[in-house]
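Hello,

I am passing on the structure we talked about, and I hope you enjoy looking through it. My notes follow below, so have it open while you read.

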Amino acid sequence: MLSLLRKLLPKNGRATKKKSFCSFCRKSYQEVGPLVEGPNEVYICGQCVELCQSIIEQELYRHTKHEDSTSPGSETC
Ligand SMILES: [Zn+2]
């Protein structure tokens, strides 16, 4: 009974498949832990999520900083 449940749960639930690996760093789920599943069998691990977050934050900061410096110049009417 228990083995049957264990077989069924990962299929029906959202548990990570054992074969899956991060699409960004190519590490397996056993190496980096649970993966977030995206469309078309795309996966991302926690490490890459953190990396992406820091990159996005940097980009946003750079973008807002850039906008601030250019806005006084673009205010010519
Ligand atoms: Zn990764």
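**Notes on the chain**

R26 sits in the loop that links helix 1 and helix 2. Before I go further with that residue, please keep in mind that this is a predicted model.

Back to R26: its phi is near 65°, which is a positive value in a residue other than glycine. R26 has 9 other C-beta atoms within 10 Å, and it is exposed because a residue with 12 or fewer falls in that class.

**Overall layout and confidence**

The chain contains 3 helices and 2 strands, and along the sequence they follow the pattern α-α-β-β-α. Buried residues account for 5% of the 77 residues. Among contacts with a separation of 6 or more, 5% involve residues 24 or more positions apart.

On confidence, the average pLDDT for the chain is 78, and 61% of the residues score at least 70. The lowest confidence belongs to helix 1 (residues 2-12), with a mean of 51, while strand 2 (residues 42-45) has the highest, at 95. Over residues 8-13 the pLDDT stays under 50, and for that stretch the model has 3 contacts beyond four places in sequence. Where pLDDT is low, the predicted coordinates should not be read in detail.

**The hairpin**

How do strand 1 and strand 2 run, and how many bridges join them? They are antiparallel, and 4 bridges connect strand 1 (residues 35-38) to strand 2. If you would like a pair to start from, L35 is opposite C45 of strand 2.

The two faces of strand 2 are worth a look as well. Y43 and C45 are on its covered face, whereas V42 and I44 are on the uncovered one.

Between the strands of this hairpin there are 3 residues. N40 is found in that loop between strand 1 and strand 2, and its phi is near 60°, again a positive value in a residue other than glycine. Is N40 buried or exposed? With 5 C-beta neighbours inside 10 Å, N40 counts as exposed, because the cut-off for that class is 12 or fewer.

**S20 and its surroundings**

S20 is another residue of the loop between helix 1 and helix 2. Which residues does S20 contact, once its neighbours within four places in sequence are left aside? They are Y29, L35 and Y43. L35 is the residue that stands opposite C45, and Y43 belongs to the covered face of strand 2, so you can follow S20 from the loop to the hairpin through these contacts.

S20 also lies 8.8 Å from V42, C-alpha to C-alpha, with their positions 22 residues apart in sequence. As for its exposure, S20 has 16 C-beta neighbours inside 10 Å, so it counts as partly exposed: buried would need 20 or more, and exposed 12 or fewer.

**E31 in helix 2**

Last on my list is E31, which is part of helix 2 (residues 29-32). E31 has 12 other C-beta atoms within 10 Å, and it is exposed because the class takes in 12 or fewer. From E31 to F21 the C-alpha to C-alpha distance is 9.0 Å, and the two are 10 residues apart in sequence.

Happy to talk any of this over once you have had a look.

Best wishes

Terms used
Residues are numbered from 1 along each chain as its sequence is written. This is a predicted model: local features need pLDDT of at least 70, side-chain atom pairs count only at pLDDT 80 or more; totals for chains, interfaces and linings use all residues. pLDDT is the predictor's confidence in each residue, from 0 to 100. Two residues are in contact if their C-beta atoms, placed from the backbone, lie within 7 Å. Two strands pair if DSSP finds at least two bridges between them.
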